[in-house]
Amino acid sequence: MASLVIFCILAVVILGSAVMCVTTTRIMRAATFMLFVLFGVAGLYFLLDYTYLGAAQISVYAGGVTMIYVFAIQLVNKRTLQGLTERMKGSRVVWGGLLALIGCATVIAVLYKNIFLVRALTGGHEVPMKSIGEALVGAGKYQYVLPFEFISLFLLACIIGGLVVARKEKEEK
C-alpha cells in the first residue's frame, strides 16, 4: 500500500512537472521542471528496486540538465532569459498538438510490435532482465544498440553546433 502511495505521488510530480516544463515561457524554469521530471523517474526506478538505473538516471540526467543551463545561458539572448519572449500563435499550438498525437500513435504502434509487451500481456509473466539487457545492447533485429549510437552521435553534433554558435567572433580591425 505504501508503494502505491509513493507511486501516485511520483506520478503527480512527474506529470505536473512535465506539463509545466512544456508550458512555461522561461527557459530556466523549463530546465528546472525537466530536472524534477528526471528525478521523479529516478524515484520510480528506486521504487522498483532498480538502484543502478536510479543512480544512473540521477547522475547522467542531472549532468545533462546542468549542460542545458550552460547552453541556455550561452545561446539565448538576455531578453529571452528575462522572460521577454513572444507568445505562441494558435496555428503553432494546433500543429504541435497534431505532431504530438502522431508521436503518441507511433509510440503505441512500436509498443504493440515489441515482443516484451506482447509477452507481458499474453503470457502474464515477467520479462527477465537478461533479455531486456540483450535487446538494449544487441545489434540484431529488434535490438537497439545501433539507434542508441546514432542518437549519441546526433547529440554530439548538437553539442558541437551549440559551441560553434556560442563562440564569439573576433573583432576585425
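The protein exposes about 13600 Å², and carbon and sulfur atoms supply 72% of that area. This is a predicted model, so a friendly word of care applies to local features, which need pLDDT of at least 70. Of the 173 residues of the protein, 14% count as buried. Here is a short tour, from the overall fold down to a few residues worth a click.

**Overall make-up**

- The protein has eight helices and zero strands.
- Read from the N terminus on, the elements run α-α-α-α-α-α-α-α.
- Take the contacts between residues at least 6 apart in sequence: 47% of them join residues at least 24 apart.

**Helix 2**

- Helix 2 covers residues 27-47.
- Its 21 residues should span 30 Å at 1.5 Å a residue, and the end C-alpha atoms are indeed 30 Å apart, so expectation and model agree. The expected span is 1.5 Å times one less than the number of residues, which is why 21 residues lead to 30 Å.
- The buried residues in helix 2 are Ala 30, Ala 31, Leu 35, Val 37, Leu 38, Gly 40, Ala 42 and Gly 43.
- Phe 36 is also placed in helix 2, but Phe 36 is partly exposed, with a relative accessible area of 39%. Partly exposed is the right label because 39% falls between the 20% limit for buried and the 50% limit for exposed.

**The aromatic pair**

- The count of aromatic pairs comes to one.
- That pair is Phe 33 with Phe 36, with 6.4 Å centre to centre and 65° between the planes, in an edge-to-face arrangement.
- The pair qualifies because ring centres must lie within 6.5 Å, and the edge-to-face label follows because the planes must be over 60 degrees apart; here the values are 6.4 Å and 65°.
- Both Phe 33 and Phe 36 lie in helix 2, three residues apart, which is about one turn of the helix.

**The nonpolar surface patch**

- A nonpolar patch of about 940 Å² lies on the surface, made by Met 1, Leu 4, Val 5, Phe 7, Ile 9, Val 13, Phe 36, Phe 39, Phe 46 and Ile 58.
- Helix 1 (2-23) and helix 2 are the elements that give two or more residues to this patch.
- Helix 1 gives the most, with five residues.
- Phe 36 therefore appears in two roles worth viewing together: it is partly exposed at 39% relative accessibility, and it is a member of the patch as well as of the aromatic pair.

**Phe 7, from helix 1 towards later residues**

- Phe 7 is placed in helix 1 and is another member of the nonpolar patch.
- With a relative accessible area of 42%, Phe 7 is partly exposed.
- Leaving aside residues up to four places away in sequence, Phe 7 touches Leu 44 and Leu 47.
- Phe 7 and Leu 47 are 40 residues apart along the chain, yet their C-alpha atoms are separated by 7.7 Å.

**Asp 49, after helix 2**

- Helix 2 is followed by Asp 49, which sits in the loop between helix 2 and helix 3 (51-75).
- Asp 49 is not a glycine, and still its phi is positive, at about 65°.
- The relative accessible area of Asp 49 is 64%, and Asp 49 is exposed. The label follows because exposed means over 50%.

Definitions and conventions. Residues numbered from 1 in each chain as written. Predicted model: local features only at pLDDT ≥ 70, side-chain atom pairs only at ≥ 80, totals over all residues. Heavy atoms only, no water. Phe/Tyr/Trp six-rings, centres within 6.5 Å; stacked < 30°, edge-to-face > 60°. Helix = DSSP H or I, 4+ residues; strand = E, 2+ residues; numbered from the N terminus. Buried < 20%, exposed > 50% of the residue type's maximum accessible area, 1.4 Å probe, protein only. Patch = residues over 30% accessible without salt bridge, like charges linked within 9 Å, V, L, I, M, F, W, Y side chains within 5 Å. Areas by Shrake-Rupley, 256 points an atom, 1.4 Å probe, with all protein chains shown as cover. Salt bridge = Lys/Arg side-chain N within 4 Å of Asp/Glu carboxyl O. Contact = heavy atoms within 4.5 Å.
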